[in-house]
Amino acid sequence: MFSNLKPTPADKILALSGLYKADPRDNKVDLGVGVYKDADGKTPIMTAISKAEKRVLETETTKSYAGLAGQPEFHDAMAQLVLGDDYPADRLAFLSTVGGTGACRQAFELARIANPGAKVYVSDPTWPNHLAILNFMGMEFETYRYFDSETRAVCFDAMIEDIKKAGKGDIVLLHGCCHNPTGANLTLEQWQVVADTLLESGAIAMIDLAYQGFGDGLADDAAGTRLMAETLPELMIAASCSKNFGIYRERTGILMVLGATETRDVTQDNLSKLNRLAYSFPPFHGQALVAKVLTDPELRREWEEELEAVRNGMLGLREQLASELRKLTNSDRFDFIAQHRGMFSRLGASEEQVIKMRDENAIYMVGDSRLNIAGLNANSVPLLAQAIVDAGV
Ligand code: LMR
């Protein structure tokens, strides 16, 4: 039977990590997978998380099963973080998931149950795994224009033209902030136009919020999502705790489904069943850590300070890279790097140029020239800038 199996298409991001690990060169620079790294190239455990972890371990008395849909204290704390303190609890159903990827997967599953013919509209480009999951599930999808590779900005009029094609009950997948892979984001005015467009058509917004706190700050990064929640009758939010809490391997995410009060219970029932059918109970540990950090005032303050330092560090690296490139090219054509937000920017290099930088300079970025800003440090920025110029980007 297993001889029927065929190799699966390579995941571009994970395959690159494998190539990087296998490279023996000392001066190699990993700008691939979206993992935060400090100036020494380490991905440290945040202090607030370490402290929360000690407290959880000291007080935990059992490893018996916990909630099938997850922990209410985690749901409440995350809803406040994403939607604000006065979130509409009577309209929200929750599912704790295996990371943000799990939340995306369960959101697609829920959409397919509620509307078997639902078509998903995704930005061009989007996180490649969105497409891989939709492909695997056999769900119909189409891209909407989002990023203008000439101006390296959002091509908003084209985006609206395309998402107008989504009909009632179709899904429009949006990145809440720090668009992956481009780093180009919607303004609040643009979010309002998107909300109005979907309100008119009855298409359902699904927001992937994987980088809250990495762009303009915790509240600003959630502003578009909050606006959508205030405007639309129905909405799905897939939020990840991997990046902003630095707990990647704990696989902690949440799906929040906003709808009418009357449909809340049946939505909750369907969500819980999705966990039961996929893996029964979601991982507990990460939920406990996040709930502790968000609800303990001292840990919360410490976490916010740490997150702010991470965010400012990335902004500083963006500024430094843009300024190095300004000097080397005598032009402002790379200034978009300083304007983009979050971990990623798409440089606009060709696949050949990306490979040249990998072969000649040991600089690893994804084939579409997405670079992880957090993989840089003050010393590697000038090397990258020179490599970009040498590659003829
Ligand atoms: C990324 O885009 O690099 C991250 O979201 C990590 C992943 O799983 O791909």
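A: Buried means under 20% relative accessible area, exposed means over 50%, and partly exposed is in between (1.4 Å probe, protein chains only). This is a predicted model, in which local features need pLDDT of at least 70 and side-chain atom pairs count only at pLDDT 80 or more, while totals for chains, interfaces and linings use all residues. Residues are numbered from 1 along each chain as its sequence is written, and side-chain values use heavy atoms, with hydrogens and water left out.

Q: Which residues of α6 are buried?

A: Helices (H or I, at least four residues) and strands (E, at least two) are DSSP runs, numbered from the N terminus. In α6, the buried residues are F156, A158, M159, I160, D162 and I163. That is 6 of its 8 residues, so the helix is mostly covered.

Q: What covers the buried residues of α6?

A: Here contact means heavy atoms within 4.5 Å. The cover includes strands β3, β4, β6 (153–154) and β7, together with helix α7 (188–201).

Q: What is the strand order of the open sheet?

A: Strands of a sheet pair through backbone hydrogen bonds, either parallel or antiparallel. Two strands count as paired if DSSP finds at least two bridges between them. The open sheet here has 7 strands in the order β2-β10-β9-β8-β7-β3-β4, and its pairing is mixed. Because β2 (92–98) and β4 (141–145) each have a single partner strand, they stand at the edges, and one side of each lacks a neighbour in the sheet. On average, neighbouring strands of this sheet are turned by 25° against each other, direction ignored.

Q: How many bridges join β3 to β4?

A: There are 5, and the two strands run parallel. Within β4, E142 is the bridge partner of Y121.

Q: At what angle do the helices lie against the strands?

A: Axes are lines fitted to C-alpha atoms, for helices over the stretch in contact, and angles run from 0 to 180 degrees between N-to-C directions. Helix α6 (residues 156–163) packs on the sheet and touches β3, β4 and β7 (171–175), its direction making about 150° with that of β4. Helix α3 (residues 72–83) lies across β2, β8 (204–209), β9 (235–240) and β10 (252–258), at about 70° to β10.

Q: Which residues sit on the two faces of β9?

A: L235, I237 and A239 are on one side, M236, A238 and S240 are on the other, and all are buried. With 6 of its 6 residues buried, β9 is therefore largely enclosed by the rest of the structure.

Q: In what sense do β8 and β9 pair?

A: They are parallel, over 5 bridges, and L209 stands opposite A239 in β9. Between these two strands the chain passes through helix α8 (residues 218–231), a β-α-β crossover that is right-handed. Right-handed means that, with the strands pointing away from the viewer, the path from the first strand over the helix to the second runs clockwise. On to β10, β9 has 6 bridges in the antiparallel sense, with A238 opposite L255 in β10. β2 and β10 are also antiparallel, over 7 bridges, and L92 faces L258 in β10.

Q: Which residues surround the ligand?

A: A residue is near a molecule if one of its heavy atoms lies within 4 Å of it. By that reading the ligand is surrounded by I13, V33, G34, W127, N180, Y211, K243 and R370.

Q: Where are the polar contacts of the ligand?

A: A polar contact is a pair of N or O atoms within 3.5 Å; within protein, one must be able to donate a hydrogen and the other to accept it, and residues adjacent in sequence count only if both atoms are side-chain atoms. A polar backbone atom of G34 is 2.7 Å from an oxygen atom of the ligand. For a polar side-chain atom of N180, the distance to a ligand oxygen is 2.9 Å. For an N or O atom in the side chain of R370, it is 2.8 Å.

Q: Which backbone features stand out against the general pattern?

A: Most residues other than glycine have a negative phi, and most peptide bonds are trans. The bond between N180 and P181 is cis, with omega about 20°, and so is the bond from D124 to P125, with omega near 5°. S369 is not a glycine, yet its phi is positive, about 70°. It is found in the loop between β12 (363–364) and β13 (370–372), and its relative accessible area of 0% makes it buried. R251, in the loop between β9 and β10, has a positive phi near 55°. At 29% relative accessible area, R251 is partly exposed.
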